[in-house]
Amino acid sequence: IYFDRFLQRGEVLAPAYFLYTMLDLCVLTLVIYYIEGIFWLGFIFYSFYILLNFMTFSRTQALFLTAWIMLLYTGLVLMQYFRILPPTMLFPPQNQTYSHFPYVFTTTIAYILTFLLVAYYSEGFYQLYARRIFELKETREILEKEKLLLEEKIGVRKKELEKERESLQEKVEQRKKELELEEMNLQEQVEELEKFKKIAIGREEKLQGLEKELIHFKRELKS
């Protein structure tokens with residue numbers, strides 16, 4: 001269920017699933033207590049749960065579940081230390097020998113189940129990482145396609161800008177020629193006005209000379 005409900009790190013799972021994990025840890029603590037695995041089996045299973053929590057839940061939820069595991073384990077140790085919970089022994093010390101068939105059978109089954117659980121979680125980790133690698137490959141392919149598409153758009157836009165620049169350059173050159181032509185026309189007009197001014201000044205000087213001669217003739221006629 002952990003690997004089927006796997007989501008990316010940082011996403012928040014459903015509260016019911018989070019509460020289910022807390023309840024599952026309580027059940028695991030009871031199992032550890034009844035099989036006397038507080039100092040060996042509990043560490044293994046709690047370690048697996050901590051790894052799964054950080055890979056399955058968000059960081060805040062994983063830290064909370066880690067604190068919950070520490071609380072359950074510490075509570076179990078303290079309750080046995082203060083004899084609040086009586087020690088449970090499936091087999092008395094005198095029967096914990098390899099010549100005692102029930103002890104050997106139970107221990108063998110416990111080890112086999114532990115190995116199967118490790119194999120199950122290993123397979124789950126493999127599937128999880130394989131799925132993650134597949135997702136990363138898909139993301140990489142999408143990014144590569146987006147990169148190619150973006151490069152194509154940039155190339156098209158670059159060509160458009162180049163055409164616009166050439167068109168603008170042609171307009172600038174054409175306008176420059178028009179301004180040069182207008183300047184030449186204005187220069188010709190200025191030269192014509194200068195000539196007209198000289199002619200007008202010459203005429204005015206001649207008229208002044210004629211007026212002086214006319215005044216002189218009038219004086220001679222009167223005399």
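This report describes the helices, the nonpolar core, the surface patches and the salt bridges of one protein chain.

## Overall architecture

The structure is a predicted model. Its chain contains 4 helices and 0 strands. Read from the N terminus, the order of elements is therefore written simply as α-α-α-α.

Helix 1 covers residues 15–34. Helix 2 spans 41–56 and helix 3 spans 59–81. Helix 4 takes in residues 101–222. The chain has 223 residues, of which 19% count as buried.

## The nonpolar core

The largest nonpolar core is made of 15 residues. Within this core, L25, L28, Y46 and L65 have the most contacts. Helix 1, helix 2 and helix 3 are the elements that each contribute two or more residues to the core. The largest share, 7 residues, is supplied by helix 1.

## A nonpolar patch on the surface

Nonpolar side chains are also found on the surface. L23, V27, L30, V31, Y34 and I35 together make a nonpolar surface patch of about 560 Å². One member of the patch, L23, belongs to helix 1. L23 has a relative accessibility of 54% and therefore counts as exposed, because the term applies to values over 50%.

Helix 1 can thus be considered from two sides. It gives 7 residues to the largest core, and it also holds L23, a residue of the nonpolar surface patch.

## A patch of negative charge

A second kind of surface patch is defined by charge. E138, E141, E144 and E151 gather in a patch of negative charge on the surface. Among them, E141 lies in helix 4.

## Salt bridges in helix 4

How many salt bridges does a search of the whole structure find? The search finds 3. They are described here in order along the chain.

The first to be described joins E160 and R157, whose closest N and O atoms are 3.1 Å apart. Both residues lie in helix 4, at a separation of 3 residues, or about one turn of the helix. E160 has a relative accessibility of 37%, so E160 counts as partly exposed. R157, with a relative accessible area of 41%, is likewise partly exposed.

Another salt bridge links the side chains of E162 and R165, with an N to O distance of 2.7 Å. Because E162 and R165 are 3 residues apart in helix 4, about one helical turn separates them. E162 counts as partly exposed at 35% relative accessibility, and R165 counts as partly exposed at 48%.

The remaining salt bridge is formed by the side chains of E178 and R175, at 3.1 Å from N to O. E178 and R175 are 3 residues apart in helix 4, so they too are separated by about one helical turn. The relative accessible area of E178 is 33%, which makes this residue partly exposed. For R175 the value is 43%, and R175 is also partly exposed.

Why does R165 count as partly exposed? The relative accessibility of R165 is 48%, and the term partly exposed is used because such a value falls between the limit of 20% for buried residues and that of 50% for exposed ones.

## Summary

The predicted model has 4 helices. Helix 1, helix 2 and helix 3 each give two or more residues to the largest nonpolar core. Helix 4 holds the salt-bridge partners E160 and R157, E162 and R165, and E178 and R175. Helix 4 also contains E141, which belongs to the patch of negative charge.

Technical notes:
Residues are numbered from 1 along each chain as its sequence is written. This is a predicted model: local features need pLDDT of at least 70, side-chain atom pairs count only at pLDDT 80 or more; totals for chains, interfaces and linings use all residues. Side-chain values use heavy atoms; hydrogens and water are left out. Patches are made of residues with over 30% relative accessible area and no salt bridge: like charges are joined within 9 Å, nonpolar side chains (Val, Leu, Ile, Met, Phe, Trp, Tyr) within 5 Å. Accessible areas come from the Shrake-Rupley method with a 1.4 Å probe; for residues, only the protein chains shown count as cover. A salt bridge is a side-chain nitrogen of Lys or Arg within 4 Å of a carboxyl oxygen of Asp or Glu. Buried means under 20% relative accessible area, exposed over 50%, partly exposed in between (1.4 Å probe, protein chains only). Lys and Arg count as positive and Asp and Glu as negative; His and the chain ends are not counted. The place of a charge is taken as NZ of Lys, CZ of Arg, CG of Asp or CD of Glu. A nonpolar core is a set of buried Ala, Val, Leu, Ile, Met, Phe, Trp, Tyr and Cys residues joined through side-chain atoms within 4.5 Å.
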